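Colleague: Could you take me through the sheets of chain B, strand by strand, and say what packs on them? Take your time over it.

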Amino acid sequence: MTAEQRAVPGPPPAPSGPSAPALEPLAPLTVPGLGALRQIGQFFALAITVLRMTFKRPFQFREFVEQFWFIASVTILPTALISIPFGAVIALQVGSLLQQFSAQSFTGAGSVVAVVQQASPLIVSLTIAGAGGSAICADLGARKIREELDAMQVMGVSPIQRLVVPRVLAATCVAVLLNGLTSVVGVLGGYFLNVYVQHGTPGAYLSSFAALAQLPDLYISEIKALIFGFLAGVIAAHRGLNPRPGPKGVGDAVNESVVIAFLMLFIVNVVLTAIYLQVVPAKGA
Amino acid sequence: MGIEVVVEGLTKSFGRQNVWRDVSLTLPAGEVSVMLGPSGTGKTVFLKSLVGLLRPERGRVLVDGIDTVSCSERRLYQVRRRFGVMFQDGALFGSLSLFDNVAFPLREHTRLREHEIRDIVLEKMEMVGLGGEEAKLPGEISGGMRKRAGLARALVLDPQIILCDEPDSGLDPVRTAYLSQLLIDLNAEIDATILIVTHNIQIASTVPDNIGMLFRGDLVGFGPREVLLTSEQPVVSQFLEGRRIGPIGMSEEKDVATMALEQAHVEAGHHDGGTGTQSRGIMPQLDPTPGLPVREAVQRRKDRVMTILHTLPARAQQAIMASFSEADRARYLAGAPAAAEAAGPHPGAGTRP
């Protein structure tokens with residue numbers, strides 16, 4: 001009889017610890033997919049709140065500078081190291097393609113367009129999401145499960161204004177600035193590969209720069225970096241603010257934030273590129 | 001002076017799991033109240049609902065006329081400044097030193113100069129016995145110290161309502177006694193409304209003016225300390241005596257078979273785990289440390305209790321009368337029958353000979 005087994009006298013483990021460990025704020029999930037919709041709704045609500053609170057006084061300038069410095073310090077080296085081989089591989093691919101058309105002198109043109117318009121904002125946002133976003137998510141998640149965010153709210157301070165806004169803005173600004181660096185390094189990588197490995201002529205590589213590329217390519221590149229940086233920051237913050245309870249919940253949240261950010265970046269990139277190609281005609285077209 | 005917190009018909013669920021339903025009570029202004037309950041009955045959830053960290057589905061929590069359940073986020077932030085909350089394990093900011101932690105509310109909400117902040121912070125840290133530990137990080141100190149630092153941080157803005165989530169967990173009995181004394185002294189000094197959520201009988205029997213108890217989703221009762229301390233309800237007496245015999249089990253549900261079996265064990269001579277009935281009865285309430293002002297709440301509470309005396313159980317009435325001094329008896333009874341006097345809102349004013 002189970003009642004007998006349950007009632008065997010013995011020293012039971014003391015029921016100490018938090019008084020509501022099994023209670024977890026989960027919304028009732030009745031329709032499949034409703035949970036996902038709710039998450040998306042929460043995400044957009046957070047994004048809008050962040051935008052609104054950006055202009056609300058007092059701006060947390062100190063926190064912003066600290067986060068900016070932190071994100072920049074963990075992303076500069078990885079992006080540079082990724083963009084050199086990335087630029088090189090584009091130059092290699094484009095170069096060998098163009099060689100078949102005997103148009104090797106246009107290698108520079110092709111690799112500049114590819115690096116500036118596509119590769120650079122993606123590299124930047126991947127490292128921002130991977131290196132900066134995961135740190136943001138882990139930090140906020142740890143604060144959440146240790147009730148630091150609750151304590152902050154009780155003290156009348158909004159965690160979104162105090163912590164999330166500076167982090168998202170820092171991620172956005174670093175993305176925009178880093179995008180310039182990545183473009184330059186990527187193009188240089190392509191140049192060195194073309195000139196020293198494929199024995200192209202430096203003059204042809206440089207002079208063909210302006211053949212296909214145009215100034216709006218740089219604009220869209222920076223706009224992409226801006227949007228991607230913001231998205232990566234908000235995704236990291238959203239996952240960090242809503243982890244499942246316990247240390248494992250935070251670990252999962254970090255994992256999710258990186259995966260979601262990567263997926264989101266590529267989807268948004270397709271949309272932005274499609275719009276850009278419609279709005280700005282290719283050079284010479 | 002502290003402000004009153006009125007809770008009306010509060011119901012909270014997580015998904016399909018109901019935590020408690022239809023909880024109604026009033027935390028009287030400036031008095032110390034304790035909410036008891038076995039682990040996992042939603043005491044912490046109740047506390048978080050009061051400050052709007054969790055939003056119950058139904059009911060109202062009125063703080064100074066504002067309903068924290070349904071008000072806007074902006075109003076909520078305003079109301080919260082009246083609260084000081086001590087979380088279960090301090091909830092200190094891990095990246096800041098103890099000094100910066102305690103100074104945080106001052107830096108966010110006031111325009112005090114740094115040396116003024118320093119004076120206030122050092123005073124509060126001295127008060128909770130953490131003088132000289134300002135530079136340490138929360139990770140470098142013990143759980144009890146974190147708790148006390150959390151209390152110091154809750155106090156720096158001179159809150160009108162202080163909520164303490166299990167102030168005793170992780171503290172030894174001596175430190176618990178010191179903390180109890182500290183809360184009573186605080187109440188004497190700033191006359192704040194205090195709610196302590198705990199399952200510690202030592203605190204429940206010596207600190208509060210009022211006691212309530214949550215069990216299996218219901219408020220078993222809330223009222224003057226004598227009511228619960230003399231209560232014969234099975235849940236209450238089991239809890240206060242800390243024995244296994246009774247409706248509270250190891251798990252959330254306890255079936256009849258288990259209860260019968262335990263009863264049989266006890267009748268056969270097995271210890272029921274409790275401290276026995278001698279631990280019942282009413283211990284005198286703590287007084288503020290000599291030299292501090294008297295607690296104004298004591299007199300207010302007597303006035304209030306006398307107006308509702310006739311509604312209380314007989315044992316509670318006896319206990320209340322027994323706790324009165326000669327002066328109290330003269331004030332409230334004045335030779336007339338107790339029930340008649342008790343009906344008036346301010347019996348002391350007109351009836352004195």
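**The sheets of chain B and what lies on them**

Modeller: Let's start in the middle of things: strand 3 (residues 32-36) of chain B runs parallel to strand 8 (residues 193-197) of chain B, and four bridges hold the two together. If you want a spot to click on, take Val34(B), which sits opposite Ile196(B) in strand 8 of chain B. Bear in mind throughout that this is a predicted model.

That pair belongs to an open sheet of six strands in chain B, with the order 6-7-8-3-9-10 and mixed pairing. At the edges you'll find strand 6 (83-86) and strand 10 of chain B, each of them paired on one side only. Leaving direction aside, neighbouring strands in this sheet are turned by 15 degrees against each other on average.

Now go along to the strand 10 end. Strand 9 (residues 210-215) of chain B pairs with strand 10 (residues 218-224) of chain B over six bridges, and here the sense is antiparallel. Met213(B) has Gly221(B) in strand 10 of chain B as its bridge partner. The two strands form a hairpin with two residues between them, and Arg216(B) takes a positive phi there, near 45 degrees.

So much for the strands; next, the helices on this sheet. Helix 9 (residues 234-241) of chain B lies across strand 3, strand 9 and strand 10 of chain B, and runs at about 105 degrees to strand 9 of chain B. Helix 1 of chain B lies across strand 3, strand 7 (161-165), strand 8 and strand 9 of chain B, and its angle to strand 7 of chain B is about 155 degrees.

Then there's the other sheet. Chain B also has an open sheet of four strands, in the order 2-1-4-5, and its pairing is antiparallel. Strand 2 (17-27) and strand 5 (66-67) of chain B are at the edges with a single partner strand each, so one side of each has no neighbour in the sheet. Helix 1 (residues 43-50) of chain B packs on this sheet too, where it touches strand 1 (5-14), strand 2 and strand 4 of chain B, and its direction makes about 125 degrees with that of strand 1 of chain B. In other words, helix 1 of chain B touches strands of the four-stranded sheet and also lies across strands of the six-stranded one. Back at the strand 5 edge, strand 4 (residues 58-63) of chain B is joined to strand 5 of chain B by two bridges, and the two run antiparallel. Leu62(B) stands opposite Asp67(B) in strand 5 of chain B.

One helix pair in chain B is worth a look as well. Helix 3 (residues 98-109) of chain B packs against helix 5 (residues 143-155) of chain B with the axes 7 Å apart and an angle of about 30 degrees. With that angle, helix 3 of chain B counts as roughly parallel to helix 5 of chain B. Their crossing is right-handed. On the helix 3 side the contact is made by Leu98(B), Asn101(B), Val102(B), Phe104(B) and Pro105(B), which meet Ala149(B), Ala152(B) and Arg153(B) in helix 5 of chain B. By class, the residues of this contact are six nonpolar, one polar and one charged.

Methods: Residues numbered from 1 in each chain as written. Chains lettered and ligands numbered in written order. Predicted model: local features only at pLDDT ≥ 70, side-chain atom pairs only at ≥ 80, totals over all residues. Pairing = 2+ DSSP bridges. Contact = placed C-beta atoms within 7 Å. Axes fitted to C-alpha atoms, helices over the stretch in contact; angles between N-to-C directions. Parallel < 35°, antiparallel > 145°, perpendicular 65-115°, else oblique. Left-handed = near helix turned anticlockwise from the far one by under 90°. Nonpolar A, V, L, I, M, F, W, Y, C, P; charged D, E, K, R; others polar.
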